[in-house]
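Trainee: Before I use terms such as buried or paired, I would like to see how each of them is justified. Could we go through the reasoning step by step?

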Amino acid sequence: MADRPLEIPTWATDANYVATGEAWDGQPTKVAPAPAKQAEGVEPGERFPADYFNWILNRLGGWVAYLAQLPLVNWIIRAHATAGTPTSAVSVATRTWVAELDAFMAIFATASNGKAQRSTDGVAWEDLSGTLTGALNDICFMGGSVNRWLIAGAGGVIWHHAKNTGGAWAAVGPGSGDDFKAIASDDAGTFAVAVGDNGRIYTSTDGTTWTSRTSGTGEDLRDVAYGGGRWVAVGTAVGVDECIITSTDGITWSSLALGPASTVSHVVYDAESEKFLVFVGTTVRQIDAATGTLSGSVATLGRVPTCVATDGAGTIVVASAIYLTTSSDAGVTWSTETLCTQGTSVLTNFTGLTYNATLGTYVVVGEDGAAGGPIVAQSMRMR
């Protein structure tokens with residue numbers, strides 16, 4: 001699939017073009033056909049005047065520019081059905097695998113042990129659960145020379161898998177009983193961070209050996225992100241203070257906020273602005289990647305997010321239960337919420353969201369509240 005052009009063409013107008021010697025010198029460069037001609041169109045064999053043609057190109061360019069500001073115009077929503085259908089989707093991640101197709105890996109909750117399932121297109125899925133046991137909370141792909149899927153699990157367990165096919169997952173970690181709730185890797189695939197309950201932070205350079213780090217907080221950490229040479233982790237213990245901590249090496253951490261009780265649900269890095277977006281309740285705050293400076297509220301959403309993702313080129317997508325909204329300016333302004341339904345069945349909760357740059361599509365996973373079982377939605381708009 002060809003990449004979407006990033007530059008919008010601009011056509012000659014009276015304001016930006018001065019004719020110099022052409023046969024139509026001095027004539028308007030953007031002349032609209034008469035209304036009757038606009039309705040009639042061009043007859044077969046008719047020579048269409050150049051100024052009319054230029055007017056059409058201007059109109060087309062205007063529509064292209066408009067559509068380019070709509071990163072998500074529609075979603076294709078599908079029920080997720082595989083052998084041993086899980087009860088709900090938890091999280092989804094994407095990666096570029098050496099010598100193979102790009103793929104998505106989603107983790108799902110079941111009545112007993114979690115499942116991991118893979119898809120090359122976000123449509124058809126195959127089960128790769130292998131030896132996974134217990135609850136699964138988050139998944140990421142650690143690229144570079146490591147090339148491993150990593151899953152943050154319950155009971156202080158981190159799962160890793162170095163294949164894009166079936167087989168055994170290996171379990172590592174302290175097994176202390178503190179659940180790992182989020183996991184992320186840096187861009188180069190050289191460093192990964194897992195965070196969880198009671199301020200627990202573990203780091204790894206290979207996805208298999210993990211080292212405990214001091215977070216400086218006892219709050220439950222719920223999300224972690226990397227970008228611009230900085231790590232940010234966020235969390236909240238119920239009824240206690242909000243927690244936002246940051247690090248430039250993933251080893252030494254410092255606090256940016258420890259304020260009144262509020263739900264700090266997610267953090268995501270926006271490469272276009274070089275800022276992190278931190279979601280505190282329904283408000284959005286920013287952290288400058290270079291300086292680590294935390295802003296006040298830059299925007300207010302209508303709902304608390306359940307999952308967030310970015311395309312790495314300036315667009316952030318937030319799912320809040322059955323609603324989706326986007327921002328293309330580092331979270332300052334947001335689109336009108338999109339309510340996603342599947343026929344008469346309403347999606348009760350989106351829980352995982354990711355973007356695949358090669359396929360040019362977002363995939364969001366969640367639970368179909370009316371029919372039961374997991375649901376998968378894929379953005380129709382390619383970016």
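Mentor: We should begin with the cut-off itself: a residue is called buried when its relative accessible area is under 20%. Please keep in mind throughout that this is a predicted model.

Trainee: Why is Ser129 called buried?

Mentor: The relative accessible area of Ser129 is 8%, and buried means under 20%, so Ser129 meets the definition. Ser129 lies in the loop between strand E5 (126–127) and strand E6 (136–142).

Trainee: Which residues is Ser129 in contact with, leaving aside its neighbours within four places in sequence?

Mentor: They are Gly114, Lys115, Ala116 and Trp169, where contact requires heavy atoms within 4.5 Å. For Ala116, which is 13 residues from Ser129 along the chain, the separation of the two C-alpha atoms is 4.7 Å.

Trainee: What makes strand E15 largely enclosed by the rest of the structure?

Mentor: Seven of the seven residues of E15 (residues 230–236) are buried, so the strand is largely enclosed. Arg230, Val232, Val234 and Thr236 point one way, while Trp231, Ala233 and Gly235 point the other way, and all are buried. In a regular strand, side chains alternate between the two faces of the sheet.

Trainee: How do you know that E14 and E15 pair, and in which sense?

Mentor: Pairing requires at least two bridges, and strand E14 (residues 221–227) and E15 are joined over six bridges in the antiparallel sense, with Gly227 opposite Arg230. E15 also pairs with strand E16 (residues 242–247), again antiparallel over six bridges, and there Val234 stands opposite Ile244.

Terms used
Residues numbered from 1 in each chain as written. Predicted model: local features only at pLDDT ≥ 70, side-chain atom pairs only at ≥ 80, totals over all residues. Heavy atoms only, no water. Buried < 20%, exposed > 50% of the residue type's maximum accessible area, 1.4 Å probe, protein only. Helix = DSSP H or I, 4+ residues; strand = E, 2+ residues; numbered from the N terminus.
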